[in-house]
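Biologist: Please take me on a close look at one buried serine in a loop, and then carry on from there to the other parts you would want me to look at. I have the sequence and the structure open, so take your time.

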Amino acid sequence: MSWPEAKEYFSKNDIAIIPVGSNEQHGPQNPLGTDHFIAKAIAEEAAKRAGVVCLQVIPFGVSAHHRHFWGTISISSGTLKNYVKEVCLALGDYGVRKIVIVNGHGGNLNALDELARELREKGIFVSVFQWWTAAKNLLPDFFKPEERQHASAEETSVNLALYPHLVDMSKAVDETTSKHPMEGAGLFLPLETADYSLSGVWGKSTTASAEKGRKVFETVVDELVRHINKLRNAKTGELSSKSKV
Ligand SMILES: [Zn+2]
């Protein structure tokens, strides 16, 4: 898009999509870029179908818990929050008041939730869409619980559907994650992936297929398009921060 095209778009539309991901280990079979590759593909396809603009993917996220596996590049939660927030504020300068962040990595959620709450105060409504949560709701029996974890069958299947040349299924493994001796009811522990897993895969990844991945992709893109259309048609009053009761 050139700047005159951007001017044309933003003078008529107050909505934009931003994919955000991470660069972190996804087992021996998947590329490090999995979370930003998938977020980008889902965001771009949904934006195309809904006729709204999709920004460039922000590739790095909050992944320090994966750093023992080589090639993981992590940034702090505060850095991610400020970076994405400033991108949203720059869009706000052109009249954007509705933003959908397509988040490819669960570790980013706290930072994105915080910035969304801060931006609502400033009159910009940010929603965060997570494809695996949507898939679990919409296709509850499509994968077993052990296939719906980090780098397991569900995520590997979406990769196979979108980027088959980047996945090496001959290296896929199934790994039952180990229990840490400090685990117990009601506890939150500062544990990292290396405490649980040797391969980086949580659960079962060998049952992945491109066909399953296409089903997940189509299902979550449809859902995201529905959300984009609903948000686009929402009145500002429905979205603005509430005044004191
Ligand atoms: Zn992932």
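## A serine in a loop, and onward

Modeller: Happy to! S197 is buried, because its relative accessible area is 4%, and under 20% counts as buried. Please keep in mind that this is a predicted model. To find the residue, go to the loop that runs between helix 7 (193–196) and strand 6 (203–204), where S197 has its place.

Now look at what the side chain of S197 does there. Its polar contact with the side chain of E175 spans 3.2 Å. The S197 side chain also reaches a backbone atom, the oxygen of V201, at 3.3 Å. If you set aside the neighbours within four places in sequence, the residues in contact with S197 are F69, E175, T177 and W202. E175 therefore appears both as a contact of S197 and as the partner in the side-chain polar contact, around a serine that is buried at 4%.

From there, let us go to another hydroxyl side chain, that of T156, which you will find in helix 6. T156 counts as buried because its relative accessibility is 0%. Its side chain makes a polar contact of 3.2 Å with the side chain of Q29, and it reaches the backbone oxygen of A151 at 3.2 Å. Beyond the neighbours within four places in sequence, T156 is in contact with Q29, N30, A151, V167, M169, S205 and A208. For a sense of scale, T156 and W131 are 25 residues apart in sequence, and their C-alpha atoms are 13 Å apart in space.

A151 deserves a moment of its own. This alanine sits in the loop between helix 5 (131–138) and helix 6, and it counts as buried, with a relative accessibility of 0%. Its phi is near 60 degrees, a positive value in a residue other than glycine. As background, most residues other than glycine have a negative phi.

Next comes the zinc ion. Its donors are H26 (NE2), D35 (OD) and E155 (OE), which coordinate the ion at 1.9 to 2.1 Å. Along the chain these donors follow the spacing H-x8-D-x119-E. Of these residues, H26 and D35 are both buried.

Now for the aromatic rings. Searching the whole structure gives six aromatic pairs. In one of them, F10 and Y94, the ring centres are 5.9 Å apart and the planes are at 25 degrees, so the pair is stacked. This pair links distant parts of the chain: F10 belongs to helix 1 (residues 3–12), while Y94 lies in the loop between helix 3 (77–92) and strand 3 (98–103), 84 residues apart. The two partners differ in exposure: F10 is buried, with a relative accessible area of 16%, whereas Y94 counts as exposed because its relative accessibility is 54%.

Another of the pairs is F37 with Y163, where the centres are 5.3 Å apart and the planes are at 45 degrees, so the pair is tilted. It, too, links distant parts of the chain, with F37 in helix 2 (residues 34–50) and Y163 in the loop between helix 6 (153–162) and strand 5 (174–175), 126 residues apart. F37 counts as partly exposed at 24% relative accessibility, and Y163 counts as buried at 15%.

Back at the stacked pair, one aromatic cluster is formed by Y9, F10 and Y94. That brings us to helix 1 as a whole, where A6, Y9 and F10 are buried. These residues cover an arc of only 90 degrees around the axis, which means that they are on the same side of helix 1. On the other side of helix 1 you will see K7, S11 and K12, which are exposed. The elements covering the buried residues of the helix include strand 1 (15–20), strand 2 (53–54) and helix 3.

Let me end in the interior. The largest nonpolar core has 60 residues, and those touching the most other members are I18, I42, V84, I99, V102, F129 and I228. V84 makes a good place to look around: apart from its neighbours within four places in sequence, it is in contact with V20, I58, I101, L112 and L115.

Notes:
Residues numbered from 1 in each chain as written. Predicted model: local features only at pLDDT ≥ 70, side-chain atom pairs only at ≥ 80, totals over all residues. Heavy atoms only, no water. Donors = N, O, S within 2.8 Å, 3.2 Å for Na, K, Ca; no water. Buried < 20%, exposed > 50% of the residue type's maximum accessible area, 1.4 Å probe, protein only. Core = buried A, V, L, I, M, F, W, Y, C linked by side-chain atoms within 4.5 Å. Contact = heavy atoms within 4.5 Å. Helix = DSSP H or I, 4+ residues; strand = E, 2+ residues; numbered from the N terminus. Polar contact = N/O pair within 3.5 Å; in protein donor to acceptor, adjacent residues only side chain to side chain. Phe/Tyr/Trp six-rings, centres within 6.5 Å; stacked < 30°, edge-to-face > 60°. Arc of directions from axis to C-beta.
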